[in-house]
Amino acid sequence: MIMRDTVFALSSGADEAAIEASVEAMVAQVQQYVPGYRLKQKVQFERFGSNNPVRIPGLGSFEGIKTSVFLEVEGAAHYLPKYAGNLDIMTSAGMATAERIAKRKFLKSAA
């Protein structure tokens with residue numbers, strides 16, 4: 001089974017179009033090092049106003065937007081099966097981080 005994740009976020013004073021554009025931009029950025037990373041469906045929004053606030057235990061009432069993001073990660077299957085997207089994304093993210101650190105160190109030493 002291919003790895004799937006659901007991310008929920010609560011925000012107040014946010015713009016749905018800006019949130020959706022930000023999520024899509026981040027998905028595109030992650031796809032640069034994990035090609036199998038994708039949105040499973042469109043970003044979904046649910047508004048909570050003063051007439052129907054969300055009650056969060058330990059925090060109280062919340063008014064604003066609940067954003068739901070549904071993701072899927074299919075591995076590249078270089079060394080592991082395609083369904084091992086969870087491992088693929090971790091190793092790919094680690095490699096991208098190491099490349100950034102190496103580039104930064106190289107630029108510092110070249111200056």
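The exercises below work through a predicted model of a single chain, each with a solution in steps.

**Exercise 1. Confidence**

Determine which element of the chain has the lowest mean pLDDT and which has the highest.

Solution. Begin with the chain as a whole, whose mean pLDDT is 89, with 100% of its residues reaching 70 or more. Then turn to the elements, among which helix H2, residues 85–110, has the lowest mean pLDDT, at 85, while strand S3, residues 44–48, has the highest, at 96.

**Exercise 2. The length and buried side of helix H1**

Compare the span of H1 with the expected value, and then establish how the buried residues of H1 are placed around its axis.

Solution. The first step is the expected span: H1 has 16 residues, and at 1.5 Å a residue, counting one less than the number of residues, the helix should span 22 Å. The second step is the distance between the end C-alpha atoms of H1, which is 22 Å and therefore agrees with the expectation. The third step is to list the buried residues of the helix, which are Ile19, Glu20, Val23, Val27 and Val30. These residues cover an arc of only 95 degrees around the axis, so they lie on the same side of H1.

**Exercise 3. The two pockets**

Describe the largest pocket and the second largest pocket by volume, lining and residue class.

Solution. Take the largest pocket to start with, which holds about 240 Å³ of space. Its lining consists of 15 residues, and those nearest the centre of the pocket are His78, Tyr79, Asp88, Thr91 and Ser92. Sorted by class, the lining of the largest pocket comprises ten nonpolar, four polar and one charged residues.

The second largest pocket holds about 200 Å³ of space, and the residues that line it include Met26, Gln29 and Val30 as well as Ala96, Thr97 and Arg100. Helices H1 (16–31) and H2 each supply at least two residues of this lining, and the largest share, five residues, comes from H2. By class, the lining of the second largest pocket has five nonpolar, three polar and two charged residues.

**Exercise 4. Three residues in their surroundings**

For Val69, Gly49 and Ile101, state the place of each in the chain and decide whether each is buried or partly exposed.

Solution. Val69 belongs to strand S6, residues 64–73. Its relative accessibility is 9%, and because buried means under 20%, Val69 counts as buried. Although Val69 and Phe8 are 61 residues apart along the chain, their C-alpha atoms are separated by 6.5 Å.

Gly49 sits in the loop between S3 and strand S4 (54–56). With a relative accessible area of 23%, Gly49 is partly exposed, since that class runs between the 20% and 50% limits. From Gly49 to Met1, 48 residues away along the chain, the C-alpha separation is 38 Å.

Ile101 is found in helix H2, and with a relative accessible area of 42% this residue is also partly exposed. Ile101 and Gly75 are 26 residues apart in sequence, and their C-alpha atoms lie 24 Å apart in space.

Technical notes. Residues are numbered from 1 along each chain as its sequence is written. This is a predicted model: local features need pLDDT of at least 70, side-chain atom pairs count only at pLDDT 80 or more; totals for chains, interfaces and linings use all residues. Side-chain values use heavy atoms; hydrogens and water are left out. pLDDT is the predictor's confidence in each residue, from 0 to 100. Helices (H or I, at least four residues) and strands (E, at least two) are DSSP runs, numbered from the N terminus. On a 1 Å grid over the protein atoms alone, a cavity is a set of points where a 1.4 Å probe fits but cannot get out, and a pocket is an open set with protein on both sides within 12 Å along at least five of seven lines; lining residues have an atom within 4 Å of a point. Grid points are joined across faces, edges and corners, and a volume is the space filled by probe spheres set on the points. Ala, Val, Leu, Ile, Met, Phe, Trp, Tyr, Cys and Pro count as nonpolar, Asp, Glu, Lys and Arg as charged, and the others, Gly among them, as polar. Buried means under 20% relative accessible area, exposed over 50%, partly exposed in between (1.4 Å probe, protein chains only). The arc is that of the directions from the helix axis to the C-beta atoms.
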